[in-house]
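User: Please go through the structure shown below in a series of questions and answers.

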Amino acid sequence: MVIIMNHVLYEASFEFHPALLIPIVMMIYIPLFPSILKQRIDQKQKLDEKDYHYNEKFVKCFCIGGFVWCAIFSIIVLLSQIDMYNKIVRVYKQGNYQIVEGYVENYDPMPYGGHKEESFNINGISFSYSDFSVQPGYHNAKSHGGVITGNGQHLKIGYVYYNSTKGNVIVYIEKLD
């Protein structure tokens, strides 16, 4: 009698990445910049009236532009994350994904500092990912505690093809003994 013990290592779910908060936090602090810069200008030098108004207008234009840029950037990032979630995690939860089972081959780890994606193949299906990308699906490299650690691992991978840039996105990992 053969007993097969499998262990689920990863399953896709909604993930909120803290980097998505950066533009929102910037939008909160940008309106404070004019008063902060005005105080610094006043402290550093006594400007004549003409120079002072020029600097004040520049600071206000810079802050308004920065606020608008952050708002637009936040909306674009939010919409792209919703799109990726719908096309990856929701599809997985509905059961519309592919499965490949086999041994990890051609494993190429990502260095701790990044600068390239970690990649591998199973039965001719290629996967690549990075800790430094904000996307749904598995993206945890071995150098940062990931569960895919090298050639020869016997795994069952569930994946969804997203697009030509992202390729096959891992939504499920099961270790097979």
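**Surface patch, sheet and strand pairing**

User: Which residues make the nonpolar surface patch of about 450 Å²?

Analyst: The model is a predicted one. A nonpolar patch of about 450 Å² lies on its surface. The residues that make this patch are Ile-64, Phe-67, Val-68, Ile-72 and Ile-76.

User: Is Ile-72 buried, partly exposed or exposed?

Analyst: Ile-72 is found in helix α3, residues 49-93, and it belongs to the nonpolar patch. Its relative accessible area is 45%. Buried means under 20% and exposed over 50%. Because 45% falls in between, Ile-72 is partly exposed.

User: In what order do the three strands of the open sheet stand?

Analyst: The sheet is open, and the pairing in it is antiparallel. β3 (105-108) and β5 (125-129) each have a single partner strand, so they stand at the edges, with one side of each left without a neighbour in the sheet. On average, and with direction ignored, neighbouring strands of this sheet are turned by 15 degrees against each other. The order is β3-β4-β5.

User: Which residue in β4 stands opposite Asp-108?

Analyst: Strand β4 covers residues 118-122 and pairs with β3 in the antiparallel sense over two bridges. Opposite Asp-108 stands a residue of β4, namely Ser-119.

User: Over how many bridges do β6 and β7 pair?

Analyst: Strand β6 (residues 154-161) also pairs with strand β2 (residues 98-103), in the antiparallel sense over six bridges; there, the bridge partner of Tyr-103 is His-154. With strand β7 (residues 168-176), the pairing of β6 is antiparallel too, and Leu-155 stands opposite Lys-175. The number of bridges between β6 and β7 is seven.

User: Which residue takes a positive phi near 70 degrees in the hairpin of β6 and β7?

Analyst: This hairpin has six residues between the strands. The residue with the positive phi near 70 degrees is Gly-167.

User: How many helices and strands are there in the protein?

Analyst: From the N terminus on, the elements run β-α-α-α-β-β-β-β-β-β. The totals are three helices and seven strands.

User: What percentage of the contacts with a separation of 6 or more comes from residues 24 or more positions apart?

Analyst: Of the 177 residues in the protein, 33% are buried. The accessible surface comes to about 11500 Å², with 61% of it belonging to carbon and sulfur atoms. Among contacts with a separation of 6 or more, the part from residues 24 or more positions apart is 59%.

Key. Residues are numbered from 1 along each chain as its sequence is written. This is a predicted model: local features need pLDDT of at least 70, side-chain atom pairs count only at pLDDT 80 or more; totals for chains, interfaces and linings use all residues. Side-chain values use heavy atoms; hydrogens and water are left out. Two strands pair if DSSP finds at least two bridges between them. Helices (H or I, at least four residues) and strands (E, at least two) are DSSP runs, numbered from the N terminus. Axes are lines fitted to C-alpha atoms, for helices over the stretch in contact, and angles run from 0 to 180 degrees between N-to-C directions. Patches are made of residues with over 30% relative accessible area and no salt bridge: like charges are joined within 9 Å, nonpolar side chains (Val, Leu, Ile, Met, Phe, Trp, Tyr) within 5 Å. Accessible areas come from the Shrake-Rupley method with a 1.4 Å probe; for residues, only the protein chains shown count as cover. A salt bridge is a side-chain nitrogen of Lys or Arg within 4 Å of a carboxyl oxygen of Asp or Glu. Buried means under 20% relative accessible area, exposed over 50%, partly exposed in between (1.4 Å probe, protein chains only). Contact means heavy atoms within 4.5 Å.
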